[in-house]
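Reader: I am new to protein structures, and I would like to learn how names such as pocket and helix are earned. Could you take me through an example?

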Amino acid sequence: MASTVLSLRMDGELLDRVRQHAARSGMSVQDYVVRTLIREDFDQRFEAAVDETERFYGLT
């Protein structure tokens with residue numbers, strides 16, 4: 001299976017929060033993010049987050 005690189009840009013506060021969650025799970029930030037992306041409910045959670053963002057900022 002081929003692999004691809006995914007690069008994320010996030011502010012320091014968000015990265016600190018992700019680090020804390022990863023540490024509580026005994027994982028690296030990279031492993032924590034990957035685990036989050038492959039969760040069964042990721043699609044539904046992502047769609048809900050997009051909908052909430054659109055309601056907050058308005059449609060672009």
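**Pockets and a helix**

Author: The largest pocket has a volume of about 700 Å³, a volume being the space filled by probe spheres set on grid points joined across faces, edges and corners. Of its 17 lining residues, L14, V18, T36, F42 and R45 are the closest to its centre. This is a predicted model, where local features need pLDDT of at least 70 and side-chain atom pairs count only at pLDDT 80 or more, while totals for chains, interfaces and linings use all residues. Residues are numbered from 1 along each chain as its sequence is written, and side-chain values use heavy atoms, with hydrogens and water left out.

Reader: What makes a set of points a pocket?

Author: On a 1 Å grid over the protein atoms alone, a pocket is an open set with protein on both sides within 12 Å along at least five of seven lines, and lining residues have an atom within 4 Å of a point.

Reader: Which helix gives the most to the lining of the second largest pocket?

Author: Helix 2, with five residues; helices are DSSP runs (H or I, at least four residues), numbered from the N terminus. This pocket's volume is about 260 Å³, and V33 and L37 are among its lining residues.

Reader: How do you know that the span of helix 1 agrees with what is expected?

Author: The expected span is 1.5 Å times one less than the number of residues. Helix 1 has 13 residues and should span 18 Å; its end C-alpha atoms are 18 Å apart, so the two agree. Just after helix 1, G26 takes a positive phi of about 70°.

Key: 1 Å grid on protein atoms, 1.4 Å probe; cavity = no way out; pocket = protein on both sides within 12 Å on 5 of 7 lines; lining within 4 Å. Helix = DSSP H or I, 4+ residues; strand = E, 2+ residues; numbered from the N terminus.
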